Amino acid sequence: MLICSTKAEVSYDHKALIINGQRRILLSGSIHYPRSTPEMWPDLVKKAKEGGLDVIQTYVFWNGHEPSPGQYYFEDRYDLVKFIKVVQQAGLYVSLRIGPYVCAEWNFGGLPVWLKYVPGIVFRTDNEPFKIAMQKFTKKIVDMMKQEKLFETQGGPIILSQIENEFGPMEWEIGSAGKAYSKWTAQIALGLSTGVPWIMCKQEDAPYPIINTCNGFYCEGFKPNSVNQPQMWTENWTGWFTEFGGPLPNRPVEDLAYSVARFIQNGGSFMNYYMYHGGTNFDRTSGVFVGTSYDYDAPLDEYGLLREPKYSHLKELHKVIKLCEPALVSADPTITWLGDKQEAHVFNSKTSCAAFLSNYDPIYATRVMFRGFPYDLPAWSVSILPDCKTEYHNTAKIRVPSIFMKMVPTRTRFSWESYHEEIPSSYDVGTFAKDGLVEQISMTRDKTDYFWYLADITISSDEKFLKTGVDPLLTICSAGHALHVFVNGQLAGTSYGALSNSKFTFSQKIKLRVGINKLALLSTAVGLPNAGVHYETWNTGVLGPATLYGVNSGTWDMSKWKWSYKIGTKGEALSLHTVTGSSSVEWIKGSFVAKKQPLIWYKSYFDTPVGNEPLALDMNTMGKGQVWVNGHNIGRHWPAYKARGNCSRCNYGGIYNEKKCLSNCGQASQRWYHVPRSWLKPYGNLVVVFEEWGGDPSGISIVERTNK
Ligand code: GAL
């Protein structure tokens with residue numbers, strides 16, 4: 001395709017970004033490239049364009065691009081340049097949030113885990129080792145964009161770039177070192193001279209000319225740092241993310257559209273939906289306790305399909321805002337009260353007039369009079385009159401049909417085979433011993449979710465009459481995230497934390513015999529934290545206390561014992577998830593296939609269902625683990641974690657504090673797991689499941705997402 005690129009200046013004034021000499025009202029949407037496949041990108045971007053967007057916004061994911069120091073990766077889902085070119089080919093702009101700290105419910109907030117182990121490093125503060133690494137990566141990205149001529153001034157689509165992410169609140173907490181760091185980030189950003197404006201979101205002291213931008217459910221009251229800067233909204237949350245153990249959040253489109261209209265009527269000129277397409281946290285890319293689905297209740301659902309009526313209602317809104325653009329960019333609004341909780345914002349220029357009539361009452365609809373005519377305003381809504389007369393759109397009047405997508409089973413059948421993962425023994429190759437309990441990530445470096453803690457509990461014959469006459473109580477405190485406790489090869493129990501608190505305690509009576517008892521703790525990480533003050537210092541794994549209570553000789557403190565450790569599972573070492581690795585072991589077939597047992601690998605082959613509908617695995621009968629299809633990790637599954645929370649309230653209308661509604665309480669937080677069609681061949685696809693906890697694979701099915 002021929003791309004007609006024109007080099008244009010990007011600047012701004014108090015009203016708007018100015019591209020090629022023209023003030024613009026820009027509607028933008030976040031699509032994070034690694035959260036879908038390159039095969040999906042053109043369709044997602046096309047739908048975003050048809051939905052009325054001008055800009056695609058994405059973060060840059062450092063830990064995806066630099067998996068080990070100096071080793072860069074820009075292929076496949078991490079092909080940033082290709083993604084930007086897809087957007088360019090569609091004729092849209094790009095807002096590039098380089099960060100490189102990104103938050104984003106992404107593993108470790110986007111920072112590489114190896115970075116934590118650079119001597120003397122402290123993240124996101126006035127710390128030399130951190131600043132050196134951050135500057136190097138930021139420069140690398142900017143240079144790459146320049147080399148590919150991707151900035152607007154070079155004829156490319158990038159009109160904005162962001163440094164850091166929501167550092168303002170952090171700065172308040174950490175004080176002067178934070179202040180120095182934020183000043184420094186601003187300086188290095190400006191020094192990279194991209195030719196397009198830099199933004200910093202939630203950064204009230206962002207130095208001029210860097211623009212401070214707003215993130216939130218509502219941003220109508222937001223003001224940038226300088227009167228010479230436009231009002232920009234980098235994250236208008238279209239819903240929210242799903243956490244394991246949490247219900248499904250959604251944000252009604254009436255509320256979302258209302259927030260957009262209020263922002264625009266107050267002079268806002270750049271608004272980005274976070275997310276427009278949320279997608280999937282494939283592999284082990286999600287932040288701590290974040291679900292594999294990152295659907296976000298976005299206008300394009302996880303699978304890239306239109307979510308209706310959200311998508312089309314917003315599309316209508318966008319069209320009408322565009323009709324108002326000439327008036328919006330040339331006049332400041334005149335505001336008048338039409339009633340107690342009703343206002344008119346009128347943009348009147350020599351050649352155009354646009355009016356926004358709003359009803360802030362969250363409960364009552366009302367009729368207002370404007371320029372001698374009556375207008376009916378539903379509760380919590382804005383009517384838009386691009387000619388100051390005719391209502392083209394009201395944010396709460398939905399004229400497009402809802403479409404309910406279903407997950408429909410296909411005829412695909414599996415024939416499962418199983419393989420028992422072994423509990424390691426302290427003599428195994430790769431096992432090592434240490435005094436006391438060790439932190440998990442310092443050992444695994446996050447190359448695997450799994451870390452074994454092994455100890456022998458020796459009960460002498462004098463101890464056999466246990467103190468209380470009942471089984472002794474084993475208490476293990478873990479810093480996170482989940483733990484399976486095995487005693488003499490049997491699963492004694494499982495405990496886990498939650499996003500709100502990843503720490504938990506396993507406390508249960510266990511059966512011991514006289515002699516040596518084998519204690520094996522499988523500690524599993526479920527993503528690393530992505531937000532919070534110095535989140536890089538938060539621990540994972542069993543750090544104690546660990547005690548055994550109820551033996552004759554008193555309570556045993558096991559945390560000082562010599563423990564044996566093993567990184568990862570045997571199945572991982574054998575690469576059982578790959579086509580070659582999976583044929584390196586004997587699998588059990590037929591009626592002997594393991595069911596409802598912990599630590600089982602399953603494999604099966606399947607043919608791809610015909611058609612174009614997106615596909616998913618229904619994992620509802622399974623417990624917790626990971627799934628691979630043709631060697632691609634489709635993510636962590638954890639349907640056994642049921643959604644806790646209160647689904648009965650929906651705070652639409654701003655009545656409650658949380659600006660979202662919840663559903664699915666009591667059900668699996670995530671039941672379906674996206675399998676991109678581009679990862680499949682017509683016949684003989686290999687699916688491998690590692691089930692840590694116990695599940696029934698006969699309940700797994702391939703479903704298609706459809707409204708039929
Ligand atoms: C914001 C953050 C985003 C994302 C969002 C919640 O505070 O900037 O990266 O984490 O919250 O989805």
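This report describes a predicted model of one protein chain with a ligand, going from its domains to the ligand site and then to some details of the backbone.

## Domains and annotated regions

The protein chain is divided into four parts, with domain 1 covering residues 21-307, domain 2 covering 309-402, and domain 4 covering 422-568. Domain 3 is made of two separate stretches of the chain, 406-417 and 573-706. Between the C-alpha centres of domain 2 and domain 4 there is a distance of 60 Å.

Two regions also carry names in the UniProt record, which is an unreviewed entry. Residues 17-320 are listed there as "domain: Glycoside hydrolase 35 catalytic", and in the model this span is 30% helix and 20% strand, with its end C-alpha atoms 20 Å apart. Residues 343-398 are listed by UniProt as "domain: Beta-galactosidase beta-sandwich"; this span is 54% strand and 0% helix, and its end C-alpha atoms lie 21 Å apart.

## The surroundings of the ligand

Which residues are closest to the ligand? Of the 15 residues that surround the ligand, the closest are Tyr59, Glu105, Glu166, Glu235 and Tyr296. Sorted by class, the shell around the ligand consists of ten nonpolar, two polar and three charged residues.

Several of these neighbours place polar side-chain atoms beside oxygen atoms of the ligand. For Glu105, a polar side-chain atom lies 2.6 Å from a ligand oxygen, while for Glu235 the distance between an N or O atom of the side chain and a ligand oxygen is 2.8 Å. In the case of Tyr296, an N or O atom of the side chain is 2.5 Å from an oxygen atom of the ligand. Taken on its own, the ligand has 310 Å² of accessible area, and the protein covers 94% of that area.

## Salt bridges

Side chains that carry opposite charges can pair when their charged atoms come close. A search of the whole structure finds 37 salt bridges. One of them joins Arg24 and Asp54, whose closest N and O atoms are 3.9 Å apart. This pair links distant parts of the chain, since the two residues are 30 residues apart: Arg24 belongs to strand S3 (residues 22-24), whereas Asp54 sits in the loop between helix H1 (41-50) and strand S5 (55-59).

## Details of the backbone

Where in the chain are the peptide bonds from Gly99 to Pro100 and from Glu308 to Pro309 found? The peptide bond from Gly99 to Pro100 is cis, with omega near -5 degrees, and Pro100 lies in the loop that runs between strand S6 (93-99) and helix H4 (128-147). The peptide bond from Glu308 to Pro309 is also cis, with omega near 15 degrees, and Pro309 lies in the loop between strand S12 (268-277) and helix H8 (310-330).

Another backbone detail concerns Asn20, which has a positive phi of about 55 degrees although this residue is not a glycine. Asn20 is found in the loop between strand S2 (17-19) and strand S3.

Note on methods
Residues numbered from 1 in each chain as written. Predicted model: local features only at pLDDT ≥ 70, side-chain atom pairs only at ≥ 80, totals over all residues. Heavy atoms only, no water. UniProt positions renumbered as here; feature names shortened; annotations may be inferred. Helix = DSSP H or I, 4+ residues; strand = E, 2+ residues; numbered from the N terminus. Domains from an automatic or database assignment. Near = heavy atom within 4 Å. Polar contact = N/O pair within 3.5 Å; in protein donor to acceptor, adjacent residues only side chain to side chain. Areas by Shrake-Rupley, 256 points an atom, 1.4 Å probe, with all protein chains shown as cover. Nonpolar A, V, L, I, M, F, W, Y, C, P; charged D, E, K, R; others polar. Salt bridge = Lys/Arg side-chain N within 4 Å of Asp/Glu carboxyl O.
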